[in-house]
Amino acid sequence: MVPEQDFLTISTIWSQLAQRAEQDKSLHLADLFAADKTRFDRFSLECSGLLADFSKQRLTDEGCDLLVKLADERNLASWINALFSGEVVNSTEDRSAKHWFLREPADKAPLVHEQLGSMAAMVNRILHGHWRGVLGDAITDVVNVGVGGSDLGPLMAAFALQSSLPPEGLTRPRVHFASSMDGSQVSQVLQELNPRTTLFLVSSKSFTTVDTLHNANTARRWLARGLGLSPDDDSLLRCHFIGISASPERMTDWGIVSENQLLFWDWVGGRYSLWSAIGMPIALTVGMEGFREMLAGAHEMDQHCRSQPWEQNIPVMLALVDVWNINFLDIRARAVLPYDGRLKHLPAYLEQLEMESNGKSVSRAGDPVDYDTCPVIWGEVGPNAQHAFFQLLHQGTQAIACEFLMTARRYTEDVHSESLAELEGQHALSNANCLAQSRLLALGERALDPSLALPSYKRYHGNQPSTTLVLDELSPRVLGSLLAMYEHKVFVQAVIWGINPFDQWGVEMGKVIATDMLEVLTDPDSAAGLDSSSMALAQHIANKQGKRCG
């Protein structure tokens, strides 16, 4: 494992970056662009179907050079080598983090491709209409039952790619997702489905996740009632359930037959698991060939991250820009703004990827950090966000970094179609809004006619930093590149901050406390010893339910 570094903030380069930020704080992006007509050329990179433009970040050449030196000082090359060598990089759980290995070619990862082959067989049976329910009906609907990484990643990618044409001659099922533990999602989904034609994917790394198993049990009882069978009927479980987990024994104990089990490994973190069989909803949307294309795009980005110098490395430079904003410009929030409705669920996916990974306040060495780490991340589809929170971005009191995403090509079918021309016009309108918003945020009122004398309430200061990511098109391959880029960016930031991005002990502790509270709500007499707020809330709920807290 790479040796731990001394405290970050006592390094000479860190001090130089702080001095550079103080020196540059009076610079305005409008002035930087006016003084340098080649700024875009030097502050943008392109790879694997992606263009990353960070020229609208409040960053100078000198600051960029210092950030690159910081990456070297933090042994980034050694850490990247450790990650891709399968060394233990998750120190608190004594694990490697080999999600990238799921994207390796077959000759380097035969066990991975063995599981991909098993998944392909199931996917093809469903897409060809050969997978039948217990009463002989072809499957028309598939429900993914999972939570966290077993839900957010597959949901995001399947939704993003659902406008892709299904493989020729195949009929893809409708894919649904149920994750909330209160049962509201699964209840609503089941109301719309026919038990004779519904298949459930139960996705859980440990196969002990309370949320997932409660929803799976609800689905099991719903099927049994609708089909007139016992919930333990072997044929019901064989025809209507597939299990995806790193724990085959627990899947078997629950009732998933061995031939309906898909496996992944302990070294795959939940929020990195969409590349494994957890990504089956994606494969059902684009076919196995499309899923393999997504893996190939991610592998291209893996190779880019491993091989390129920092100045030419997209995930590294995006990570360093975030470090600059958070630690030196005191910008501790980032809005993710896709100007393509198909990326609607990307902000939620990134919230988990980044905040669960880097929302840490203790270093790898176990010491409290004396600097900020992960920013608060939120977002919305750009055109919707313009009518919601963009007012705060343009004229609010806080500096907020933005990340714009757009697609260069959208509708590529029959160019002579009248409806296609209308859709292309809408795509152009969306892209125009994206470019306009990033320009106004950067330049402020200087983006307008400089001769205009605006009243104070119409003034736009600008100088709000942003990055724009342009996808050639939203294909499986380019989406794979984009998601791998974000994964590596998160890892690079963790290396700079000296934290472990692969554990989530705050989440685990929350699960423990929730189990204790469940006992209280089930048996109000066990509430003794709680804090006064929790005691009062439990008492209130018990009163409403006709129970009594002791």
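This note goes through the domains, sheets, cores and a few single residues of a predicted model.

1. Domains. The domain assignment divides the protein chain into domain 1 (47-85 + 308-410 + 424-447 + 459-501), domain 2 (99-287) and domain 3 (509-547). Between the centres of domain 1 and domain 3, taken over C-alpha atoms, the separation is 41 Å.

2. The five-stranded sheet. Five strands form an open sheet in the order 4-3-5-6-7, and their pairing is parallel. At its edges stand strand 4 (174-178) and strand 7 (261-263), each of which pairs on one side only. Neighbouring strands of this sheet are turned against each other by 20 degrees on average, direction ignored. Within the sheet, strand 5 (residues 198-203) is joined to strand 6 (residues 241-245) by four bridges in the parallel sense, and Leu 201 stands opposite Ile 242 of strand 6.

3. Helices on that sheet. Helix 6 (residues 110-127) packs on the sheet and touches strand 5, strand 6 and strand 7, while its direction makes about 140 degrees with that of strand 7. Helix 9 (residues 210-227) lies across strand 3 (141-145), strand 4, strand 5 and strand 6, and runs at about 160 degrees to strand 5.

4. The six-stranded sheet. A further open sheet has six strands in the order 1-2-11-10-8-9, with mixed pairing. Strand 1 (44-47) and strand 9 (376-379) each have a single partner strand, so one side of each is left without a neighbour in the sheet. The average turn between neighbouring strands here is 15 degrees, direction ignored. Helix 18 lies across strand 2 (50-53), strand 8, strand 10 and strand 11, and it runs at about 150 degrees to strand 11.

5. Strand 10 and its partners. Strand 10 (residues 401-407) pairs with strand 8 (residues 333-338) through five bridges, the two running parallel, and with strand 11 (residues 466-471) through six bridges, again in the parallel sense. On the strand 8 side, Arg 334 stands opposite Ala 401 and Pro 338 stands opposite Leu 405; in strand 11, Thr 468 is the bridge partner of Phe 404. In a regular strand the side chains alternate between the two faces of the sheet. For strand 10 both faces are covered, with Ala 401, Glu 403, Leu 405 and Thr 407 buried on one side and Cys 402, Phe 404 and Met 406 buried on the other. A reader checking the burial should therefore find that seven of the seven residues of strand 10 are buried, that is, under 20% relative accessible area.

6. The nonpolar cores. The largest nonpolar core holds 116 residues, of which Met 119, Met 280, Leu 479 and Leu 482 touch the most other members. Helix 18 (residues 476-497) contributes the largest share of this core, 14 residues. Because domain 1 and domain 2 both give residues to the core, it lies between them. A second, separate core has 23 residues, including Val 186, Leu 193, Phe 200 and Met 251.

7. Met 280. Which residues is Met 280 in contact with, leaving aside its neighbours within four places in sequence? The contacts are Met 119, Met 122, Val 123, Ile 126, Leu 201, Ile 242, Ile 244 and Leu 262.

8. His 240. His 240 belongs to helix 10 (residues 234-240) and has a relative accessible area of 0%, so it counts as buried. The His 240 side chain reaches the backbone nitrogen of Val 134 at 3.0 Å and the backbone oxygen of Thr 198 at 2.7 Å. Not counting residues up to four places away in sequence, His 240 touches several others, among them Gly 133, Pro 195, Arg 196, Phe 200 and Leu 223.

9. Glu 300. Glu 300 is placed in helix 12 (residues 280-307), and its relative accessibility of 29% makes it partly exposed, because that class covers values between 20% and 50%. Beyond residues up to four places away in sequence, Glu 300 touches Ser 48 and Arg 477, and its side chain makes a polar contact of 3.3 Å with that of Ser 48. Glu 300 and Gly 136, which are 164 residues apart in sequence, stand 43 Å apart in space, C-alpha to C-alpha.

How values were computed:
Residues numbered from 1 in each chain as written. Predicted model: local features only at pLDDT ≥ 70, side-chain atom pairs only at ≥ 80, totals over all residues. Heavy atoms only, no water. Pairing = 2+ DSSP bridges. Axes fitted to C-alpha atoms, helices over the stretch in contact; angles between N-to-C directions. Contact = heavy atoms within 4.5 Å. Domains from an automatic or database assignment. Core = buried A, V, L, I, M, F, W, Y, C linked by side-chain atoms within 4.5 Å. Buried < 20%, exposed > 50% of the residue type's maximum accessible area, 1.4 Å probe, protein only. Polar contact = N/O pair within 3.5 Å; in protein donor to acceptor, adjacent residues only side chain to side chain.
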